[in-house]
Amino acid sequence: MISPDSLAQGAKDQESTVQVDDISTAWIVVEGQRLFQVAETQELTENQRAQGINWELMELVKSSDPLSVKVDDSGYTPIIYNGFSPLSGRQLLSVTASDLRAMEPPVNVKEETLDRQARVWAAEIEAGVAQARLERSGDYLVQATVTSLAVLLAAMAFHYLLGYLWRRYLSPLLPVTTAQPQPGSTGVGRPQFSMARFGAQLLLLLLRLVTWLSALLFVVNQFRVTRAWANRLQDRLVAIFVGQSLPLGETQLSIAEILFLLGWLGGLILLAKIATNVLRSRLLQTSGLSLGMQAAISILIRYAILFVGIIAILQLWGIDLSSLTLLASALGVGLGLGLQNIAKDISSGLVLVFERPIQVGDFIELGGRMGRVDRIGPRSTDIRTLDQVSIIVPNSRFLEQDVINWSHRNPLSRIHIPVGVAYGSDPQTVKAVLLQVGREHPDVVAAPASQVFLMGFGDNSMDFELLVWIRRPQDHPQIRSDLNFAIAAAFRKVSIEIPFPQRDVHLPQGALPVTLSDDSLSKLAKHHHSENSKP
């Protein structure tokens, strides 16, 4: 029942001309069905008022009284009741001026406006109570269960239908393209990013997600218990993600707004990556620039997009960048202490990009490992070895250690093939054979010409060294092996021997000057006597 104090409070609200900027509201619920929201008053909070109205509506649902919701507009405020007259019927709620001012958008408070809004709410209450009574019947539960199963089966069928259409028709139209492997690489090219294929897969995922969410929401709304649970979960999530604000400088942001902000920043990162990939594949590859220059330009453009985009997003979100001074100071202290290695690697990455001592595609040797530079990132560099194994190296190591860059500025490199021949071989014949082997190899360049040096005379051999020039330093293990095979075969043809270590041992003639101790002599005498005494 609505107390007279509530009626008086409604009259005060109607006569008041004070505009309320922020009025708290609470939902009127019937068996999990949310009908409308009521506002707080000077004597009752929105929750107290909603609890009283919800209790009256629940009693009306449980009762067997005829359903006839009407409006009494004879007093200061219209009163919604159920029955044949306001005096004998069950009074449900009164519509106040605060209720209208709390609506979105706010409604001008007039007497005819209150009456009209009261009739709208009365119709909603009558429909909601009638539906709640229907949902308590056994026939409805059976029908709702069958309908829910049918909807879930339809969602499952549509899910598999989308997958079939994708595999049968769409995916063959968007084949996966692979990039050409780098020169000297024996591996398979990496798949290239396809915007069309990515968009089609994202659309397929969104369609499946919308299908299942729609089906689940339909099933939840069919039953009063699940609907009430969903409402409680929704209220809890709203209270956590929307109701709680976190200070960020002078701006108050809710958790939901922060998540949206992170989503925008993630989209910016994805956009920067897509833009730089398109730039490299469409423009830079046809420009004739080296791979290292292409990588440097794409990295600079990506950093520029991220820098400008982050500032624009933060400004549009209402975040004053000057308020982040304290955060920047704390970050600087963290970089100076716990993140100094990461800061050193990032700064080293910038040096590598601008100074370019190594570039993408260069063949380098670092710490005894050889490989081709695949990627130069902001913190680390990817090196692919001759065994097609990727090594992640922090950028600072390239500035702190000696790096052998076989491709730096001029890829022409010289390799040394040491050879030892037996004494007695003709040095001029050995030189001619070695030069002939060098000239016949297809990967050895003609200019500069190959050379042969007699390095010295060893213990077992005369030591020669064949020096040849090649244009693909990453192939030098294979070229070295080919030359060694060819040298062995050529030496056999001309009877040149490749010696192995030998040692000559010279023993003097006559008795050996050996001196034995008395104990050893006595043991030998006993042994000799025992041998002679045997039959």
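Asp 374 is buried in this predicted model, with a relative accessible area of 19%. The classification follows because buried means under 20% relative accessible area. The side chain of Asp 374 forms a salt bridge with Arg 372, and the closest N and O atoms are 2.9 Å apart. Arg 372 also counts as buried, at 10% relative accessibility.

**Salt bridges**

Side chains of opposite charge can pair when their charged atoms come close. In this model the count comes to ten salt bridges. Three of these pairs are listed below.

| Salt bridge | Closest N to O distance |
|---|---|
| Arg 372 and Asp 374 | 2.9 Å |
| Arg 375 and Asp 382 | 3.1 Å |
| Arg 472 and Asp 475 | 2.6 Å |

The partners in the second pair fall into separate classes of accessibility. Arg 375 is partly exposed, with a relative accessibility of 36%, whereas Asp 382 is buried at 14%. In the third pair, Arg 472 counts as partly exposed, at 34% relative accessibility. In addition, Glu 31, Arg 136 and Arg 224 are joined into one network by salt bridges that share partners.

**Strands S8, S9 and S10**

Strand S8 covers residues 363–366 and strand S9 covers residues 369–376; the two run antiparallel and are joined by four bridges. Within this pairing, Glu 365 stands opposite Met 370 of S9. S8 and S9 form a hairpin with two residues between the strands, and in this hairpin Gly 367 adopts a positive phi near 60°.

S9 also pairs with strand S10 (residues 380–385), again in the antiparallel sense, over five bridges. Here Val 373 is found opposite Ile 383 of S10. The hairpin formed by S9 and S10 has three residues between its strands.

**The sheet of S13, S15 and S14**

Another part of the model contains an open sheet of three strands in the order S13-S15-S14, with antiparallel pairing. Its edge strands are S13 (413–421) and S14 (451–457), each of which pairs on one side only. From one strand to the next, the twist averages 25°.

S13 is joined to strand S15 (residues 462–470) by nine bridges, and these two strands run antiparallel. One of the residues involved is His 416, whose bridge partner in S15 is Leu 467. In a regular strand the side chains alternate between the two faces of the sheet.

Two helices lie across strands of this sheet. Helix H13 (residues 427–440) lies across S13, S14 and S15, and runs at about 25° to S15. Helix H14 (residues 476–493) lies across S13 and S15, and runs at about 30° to S13.

**Residues of helices H4 and H5**

Is Gln 117 buried or exposed? Gln 117, which is found in helix H4 (residues 111–135), is buried, with a relative accessible area of 14%. When residues up to four places away in sequence are not counted, Gln 117 touches Leu 100 and Met 103.

Tyr 164 has its place in helix H5 (residues 138–173). Tyr 164 counts as partly exposed because its relative accessibility is 42%. Tyr 164 belongs to a nonpolar patch on the surface, together with Phe 158, Leu 161, Leu 165, Tyr 169, Leu 170 and Leu 173. Together, the residues of this patch have about 680 Å² of accessible area.

Note on methods
Residues are numbered from 1 along each chain as its sequence is written. This is a predicted model: local features need pLDDT of at least 70, side-chain atom pairs count only at pLDDT 80 or more; totals for chains, interfaces and linings use all residues. Side-chain values use heavy atoms; hydrogens and water are left out. Two strands pair if DSSP finds at least two bridges between them. Axes are lines fitted to C-alpha atoms, for helices over the stretch in contact, and angles run from 0 to 180 degrees between N-to-C directions. Contact means heavy atoms within 4.5 Å. Patches are made of residues with over 30% relative accessible area and no salt bridge: like charges are joined within 9 Å, nonpolar side chains (Val, Leu, Ile, Met, Phe, Trp, Tyr) within 5 Å. Accessible areas come from the Shrake-Rupley method with a 1.4 Å probe; for residues, only the protein chains shown count as cover. A salt bridge is a side-chain nitrogen of Lys or Arg within 4 Å of a carboxyl oxygen of Asp or Glu. Buried means under 20% relative accessible area, exposed over 50%, partly exposed in between (1.4 Å probe, protein chains only).
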